[in-house]
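Subject: Structure for you, with notes on charged residues

Hello,

Here is the structure I said I would pass on. My notes follow below it.

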Amino acid sequence: TEEEEAELAASHDVHVDRCLVQPLVEPLLPNLEAVNKRQAAAIVALAEGSGPATTRSVRAFMEDLKRADSVRFLEVQLLALRSTFAREVPALLQALVETREEG
């Protein structure tokens, strides 16, 4: 049923947050000024399509980074956007081309 699926999705989200996001974020917190931009951008990417638990953890991490080093925060955001663009846009453009060729 839909309720069971929602419970399963919420459980999966909590599991991803506890077993993946938190272990990645915790070692970075003591030295946010020197955080690796690519590693931080990969953490941001985990929030895409995730549930509320993972999104909250990633958002909290990024807020801490913004307070510690606003320039690094913006660099991480830019890198995450570039990554998402590179991953998503070519497939969307290909689908658009295929749709136009069919029509």
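D17 is buried but takes part in no salt bridge. The nearest side chain of opposite charge belongs to R18, 6.1 Å away, and a salt bridge needs nitrogen and oxygen within 4 Å, so the pair does not count as one. Please keep in mind that this is a predicted model. D17 sits in helix α1. Beyond the residues within four places of it in sequence, D17 is in contact with Q22, P23, A53, T54 and S57.

A second buried charge is R72, which also has no salt bridge. R72 is in helix α4. For R72 the nearest side chain of opposite charge is D69, at 4.1 Å. The cut-off is 4 Å, so R72 and D69 are not counted as a salt bridge. With neighbours up to four places away in sequence set aside, the contacts of R72 are L32, E33, V35, K37 and L65.

One of those contacts, E33, lies in the loop between α1 and α2. E33 is partly exposed, because its relative accessible area is 43%, and the partly exposed class runs between 20% and 50%. Apart from residues within four places in sequence, E33 is in contact with A68, D69 and R72. D69 is thus a contact of E33 and also the nearest side chain of opposite charge to R72.

Salt bridges

How many salt bridges does the structure hold? There are four. I describe some of them here.

K37 and E75 form a salt bridge, with 3.8 Å between the closest N and O atoms. This pair links distant parts of the chain: K37 is in helix α2 (residues 37–46) and E75 is in helix α4 (residues 70–102), 38 residues apart. Both partners are partly exposed: K37 has a relative accessible area of 32%, and E75 has one of 31%. K37 is also on the contact list of R72.

E48 forms a salt bridge with R87, and their closest N and O atoms are 3.0 Å apart. Here too the pair links distant parts of the chain, with E48 in the loop between α2 and α3 (52–68), R87 in helix α4, and their positions 39 residues apart in sequence. R87 also meets E88 in a salt bridge, at 3.7 Å from N to O. E48, R87 and E88 are therefore linked in a network of salt bridges.

Are the members of this network buried, partly exposed or exposed? E48 is partly exposed at 38% relative accessibility. R87 is partly exposed as well, with a relative accessible area of 42%. E88 counts as partly exposed at 37%.

Negative patch

Which residues gather in a patch of negative charge on the surface? They are E2, E3, E4, E5 and E7. Of these, E3 is in helix α1, and E5 is in helix α1 (residues 2–25) too. E3 is exposed, because its relative accessible area is 62%, and the exposed class starts over 50%. E5 is exposed for the same reason, with a relative accessible area of 57%. E5 and E101 are 96 residues apart in sequence, and their C-alpha atoms are 37 Å apart in space.

A buried valine

V58 is in helix α3. V58 is buried, because its relative accessible area is 4% and buried means under 20%. Not counting residues up to four places away in sequence, V58 touches V21, I43, V44 and A47.

Two distances involve this residue. V58 and C19 are 39 residues apart in sequence and 13 Å apart in space, C-alpha to C-alpha. E33 and V58 are 25 residues apart along the chain, and their C-alpha atoms are separated by 17 Å.

To recap, D17 and R72 are buried charges without a salt bridge. E48, R87 and E88 form a network of salt bridges, and K37 is paired with E75. The negative patch is made of E2, E3, E4, E5 and E7.

Regards

How values were computed. Residues are numbered from 1 along each chain as its sequence is written. This is a predicted model: local features need pLDDT of at least 70, side-chain atom pairs count only at pLDDT 80 or more; totals for chains, interfaces and linings use all residues. Side-chain values use heavy atoms; hydrogens and water are left out. Helices (H or I, at least four residues) and strands (E, at least two) are DSSP runs, numbered from the N terminus. Buried means under 20% relative accessible area, exposed over 50%, partly exposed in between (1.4 Å probe, protein chains only). Lys and Arg count as positive and Asp and Glu as negative; His and the chain ends are not counted. Contact means heavy atoms within 4.5 Å. Patches are made of residues with over 30% relative accessible area and no salt bridge: like charges are joined within 9 Å, nonpolar side chains (Val, Leu, Ile, Met, Phe, Trp, Tyr) within 5 Å. Accessible areas come from the Shrake-Rupley method with a 1.4 Å probe; for residues, only the protein chains shown count as cover. The place of a charge is taken as NZ of Lys, CZ of Arg, CG of Asp or CD of Glu.
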